[in-house]
Amino acid sequence: MMPTDPKKRTIARSFADAFRGVGDCIRTERNMRIHLTMCVYVLFFASRIELTRGEMACLLLAIGSVMTAETLNTSVEKLCDFTQKHTNHLIRVIKDMAAGAVLICAVFAALVGIVVLFRPELWEAFWAICTDPVSLALFLLSLAVAAVFVFLGPVKMMEQAERWFGGRRQ
């Protein structure tokens, strides 16, 4: 239970609340799962080529800005839905602006990714994966798992896994 006096609120509790908020966003928002999945693949391929510290910092800042924008967009949307139960032109405009902020961040993050990653070493790393049967199989499996994660979400993924691998019986 949260203390009533804000001065008694611990740093650990603040971090726990923040992580819960990020988890809720990942669990409930498909677009957040899309961004998270793309980030994983960007970082995977970034690790396969030599990047300077500055290039890696640019990628991390771009990733952080998109994830932050998506989290803030989700917060704005949920607050708008809470305050206004019926269709409202101003609420639609506010939600569209928040979504536009995510779009701007995502477009510029993609441009950063193109500038930093598109080089011969990237294609060599990709080709190495494609020409090794085990690496290719693992990569394709990761794409399948990523698609399930994005479109079903972690909760439905776990429910489906329980059905497939002998969890709860229905």
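A residue counts as buried when its relative accessible area is under 20%, as exposed when that area is over 50%, and as partly exposed in between. The exercises below apply this scale and related terms to a predicted model.

**Exercise 1. Classify Asn88 as buried, partly exposed or exposed, and state where it is placed.**

Solution. Step one is to locate the residue: Asn88 sits in the loop that joins helix H3 (53–83) to H4. Step two is to take its relative accessible area, which is 26%. Step three is to compare this value with the cut-offs of 20% and 50%. Asn88 is therefore partly exposed. As a further description of its position, the C-alpha atoms of Asn88 and Ala161 are 40 Å apart, with these positions 73 residues apart in sequence numbering.

**Exercise 2. Describe the secondary structure of the chain and determine whether it is compact or spread out.**

Solution. Begin with the elements: the chain contains six helices and zero strands. Read from the N terminus, their order is α-α-α-α-α-α. Next, compare the radius of gyration with the globule rule: the chain has a value of 20 Å, well over the 15 Å that the rule gives for 170 residues, so the chain is more spread out than a compact globule. Along the principal axes, the C-alpha atoms fill a box of roughly 55 × 50 × 40 Å. Finally, consider burial and contacts. Of the 170 residues, 23% count as buried. Among contacts with a separation of 6 or more, 67% are between residues 24 or more positions apart.

**Exercise 3. Identify the largest nonpolar core and the helices that contribute to it.**

Solution. The first step is to list its members. This core has eleven residues: Tyr41, Phe45, Ala46, Ile49, Leu59, Val116, Leu117, Leu122, Ile129, Phe139 and Ala146. The second step is to assign them to elements: helix H2 (30–47), helix H4 (89–117), helix H5 (120–131) and helix H6 (133–164) each give two or more residues. The largest share, three residues, is that of H2. The third step is to examine one member, Phe139. Leaving out residues up to four places away in sequence, Phe139 touches Tyr41, Phe45, Phe126 and Ile129. Another core, of eight residues, lies apart from the largest one and includes Ile26, Cys39, Met67 and Phe149.

**Exercise 4. Determine whether Asn73, Ile104 and Leu103 are buried or exposed, and place each in its helix.**

Solution. Take Asn73 first. This residue belongs to helix H3. Its relative accessibility is 6%, so Asn73 counts as buried. Beyond its neighbours within four places in sequence, Asn73 contacts Lys95, Ala98, Ala99 and Val102.

Turn next to Ile104, a residue of helix H4. Because its relative accessibility is 52%, Ile104 counts as exposed. The C-alpha atom of Ile104 is 8.8 Å from that of Val66, although the two residues are 38 positions apart along the chain.

Leu103 is likewise placed in helix H4. With a relative accessibility of 55%, Leu103 also counts as exposed. Leu103 and Ala69 are 34 residues apart in sequence, and their C-alpha atoms are separated by 8.8 Å.

**Exercise 5. State how much of the accessible surface belongs to carbon and sulfur atoms, and how the charged side chains are distributed.**

Solution. The accessible surface of the chain is about 12100 Å², and carbon and sulfur atoms account for 70% of it. For the charges, the chain has 19 positive and 15 negative side chains. The centres of these two sets lie 9 Å apart.

Technical notes. Residues numbered from 1 in each chain as written. Predicted model: local features only at pLDDT ≥ 70, side-chain atom pairs only at ≥ 80, totals over all residues. Heavy atoms only, no water. Helix = DSSP H or I, 4+ residues; strand = E, 2+ residues; numbered from the N terminus. Rg over C-alpha atoms; globule rule 2.2 N^0.38 Å. Buried < 20%, exposed > 50% of the residue type's maximum accessible area, 1.4 Å probe, protein only. Contact = heavy atoms within 4.5 Å. Areas by Shrake-Rupley, 256 points an atom, 1.4 Å probe, with all protein chains shown as cover. Lys, Arg positive; Asp, Glu negative; His and termini not counted. Charge placed at Lys NZ, Arg CZ, Asp CG, Glu CD. Core = buried A, V, L, I, M, F, W, Y, C linked by side-chain atoms within 4.5 Å.
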